[in-house]
Amino acid sequence: MIPVKDGEVWADDTGGEGLPLVLLHPGVGDSTVWDPVLPPLLARHRVIRYDVRGYGRSPAPTAAYSPVRDLAEVLDRFEIERAVLVGSSMGGATSVDFALEAPGRVAGLALFVPGVSGYEGLDSGEFFERLGPMAEAGDTEGIVRLGLAEWGKAGGGSPESDPVAARHCRAVLPAWLSNVGRQLTGPPAFDRLEEISVPTLLALGEQDRPVVVRCNEDMADRIPGCRLVRLAASDHYPTLREPEHVAGLIEELYAEAA
């Protein structure tokens, strides 16, 4: 555990030399969602990953907090001045926000099915409309089923067809609830993407929600020099669906950024 403002987070640093990779997990999984892509990365790089407050091994937040500030404090704790950020979904949004706030600390961005603040429609739809009432009713399995139908289509869209994604989704339900009203957001980032000047790769899942696919296409259009990759076999869980491809893309971006 490492201290952050008004709390603490679990973080792991493999150590080693060279420009580090920092892995930021999605909202649909904690840091273990990176496990399938770790072996080839660990063989060549210093890798840091951590759990956002309330996720995985990190305690639930007890006060409002900034994900960007937490990332900065993790980097400071491990004495990292500059890193390649690898962010998936929620972690992608944090990576983008950090690159805009502290561009000198980011050597490159590898974004997988990323979110971004300021893009209309990302947080709307049936899932978000039904989440609150289902949570109040204590219908956790119903939420998992609804979540997989929304985010896990490549795995069949159900807990029965996709038990691994179901396990990840089930494990983060407490984090979703404990973070309501706790995460502080900065200025909308979508309209500032032209300010990003580091090598950037953005990989979208062709079986993801249509609004996420559109958002990712629009993000890639706005980020100067961004390389857009379409993952045909992926939904919102690319590290589970195409781990070797994801690891290879991270290596390619790292080679460009280093």
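Reader: If contact means heavy atoms within 4.5 Å, which residues is glycine 29 in contact with, leaving aside neighbours within four places in sequence?

Author: This is a predicted model, and in it glycine 29 is in contact with Tyr55, His168 and Val172 once neighbours within four places in sequence are left aside. One of these partners, Val172, lies 143 residues away along the chain, yet the two C-alpha atoms are separated by 6.0 Å.

Reader: And where does glycine 29 lie, and is it buried or exposed?

Author: Glycine 29 belongs to the loop between E4 and helix H1, which covers residues 38–42. Its relative accessibility is 0%, and because buried means under 20%, glycine 29 counts as buried.

Reader: Since you mention E4, where is leucine 23 found, and what is it in contact with?

Author: Leucine 23 is found in strand E4, residues 21–24, and it too is buried, at 0% relative accessibility. Apart from neighbours within four places in sequence, leucine 23 is in contact with Trp34, Leu38, Val47, Ile48, Arg49, Tyr50 and Val86.

Reader: How many residues does the largest nonpolar core have, and which of them touch the most other members?

Author: The largest nonpolar core has 89 residues, and those that touch the most other members are Val84, Val86, Val96, Phe98, Phe112, Val116 and Trp176. One of them, Val86, is also among the contacts of leucine 23. In general, nonpolar side chains of soluble globular proteins tend to be buried together.

Reader: What does valine 84 touch, not counting residues up to four places away in sequence?

Author: With those residues not counted, valine 84 touches Leu19, Pro20, Leu21, Val22, Ala107, Gly108, Leu253, Tyr254 and Ala257.

Reader: Switching to helices, at what angle do the axes of H4 and H5 cross?

Author: The axes of H4 (residues 126–136) and H5 (residues 140–151) cross at roughly 170 degrees and come within 10 Å. An angle over 145 degrees counts as roughly antiparallel, so H4 is roughly antiparallel to H5.

Reader: Which residues meet there?

Author: On the H4 side they are Glu126, Phe127, Phe128, Arg130, Leu131, Met134 and Ala135, and these meet Gly142, Ile143, Leu146, Gly147, Glu150 and Trp151 of H5. The residues of this contact divide into eight nonpolar, two polar and three charged.

Reader: Which residues in H4 are buried, and which are exposed on the other side?

Author: Phe127, Leu131 and Met134 are buried in H4. They sit on the same side of the helix, because they cover an arc of only 90 degrees around the axis. On the other side of H4, the exposed residues are Glu129, Pro133 and Glu136. What covers the buried residues of H4 includes H5 and helix H6, residues 163–178.

Reader: How do the axes of H2 and H3 cross, then?

Author: The axes of H2 (residues 67–77) and H3 (residues 90–101) cross at roughly 75 degrees and come within 9 Å. Angles of 65 to 115 degrees count as roughly perpendicular, and therefore H2 is described as roughly perpendicular to H3. Pro67, Val68, Leu71, Ala72 and Leu75 of H2 make the contact with Thr94, Asp97, Phe98 and Glu101 of H3, and these residues divide into six nonpolar, one polar and two charged. Phe98 appears again here, having already been listed among the core residues that touch the most other members.

Reader: I am also curious about backbone angles, so what phi does glutamate 79 have, and what about serine 89?

Author: Neither residue is a glycine, but glutamate 79 has a positive phi of about 55 degrees and serine 89 has a positive phi of about 50 degrees. As background, most residues other than glycine have a negative phi. Glutamate 79 is in the loop between H2 and strand E6, residues 83–88, whereas serine 89 is in the loop between E6 and H3.

Reader: Is each of them buried or exposed?

Author: Glutamate 79 is exposed, with a relative accessible area of 71%, while serine 89 counts as buried at 11% relative accessibility.

Reader: And what phi does glycine 138 take?

Author: Glycine 138, just after H4, takes a positive phi of about 75 degrees.

Notes: Residues are numbered from 1 along each chain as its sequence is written. This is a predicted model: local features need pLDDT of at least 70, side-chain atom pairs count only at pLDDT 80 or more; totals for chains, interfaces and linings use all residues. Side-chain values use heavy atoms; hydrogens and water are left out. Axes are lines fitted to C-alpha atoms, for helices over the stretch in contact, and angles run from 0 to 180 degrees between N-to-C directions. Helices (H or I, at least four residues) and strands (E, at least two) are DSSP runs, numbered from the N terminus. Angles under 35 degrees count as roughly parallel, over 145 as roughly antiparallel, 65 to 115 as roughly perpendicular and the rest as oblique. Contact means heavy atoms within 4.5 Å. Ala, Val, Leu, Ile, Met, Phe, Trp, Tyr, Cys and Pro count as nonpolar, Asp, Glu, Lys and Arg as charged, and the others, Gly among them, as polar. Buried means under 20% relative accessible area, exposed over 50%, partly exposed in between (1.4 Å probe, protein chains only). The arc is that of the directions from the helix axis to the C-beta atoms. A nonpolar core is a set of buried Ala, Val, Leu, Ile, Met, Phe, Trp, Tyr and Cys residues joined through side-chain atoms within 4.5 Å.
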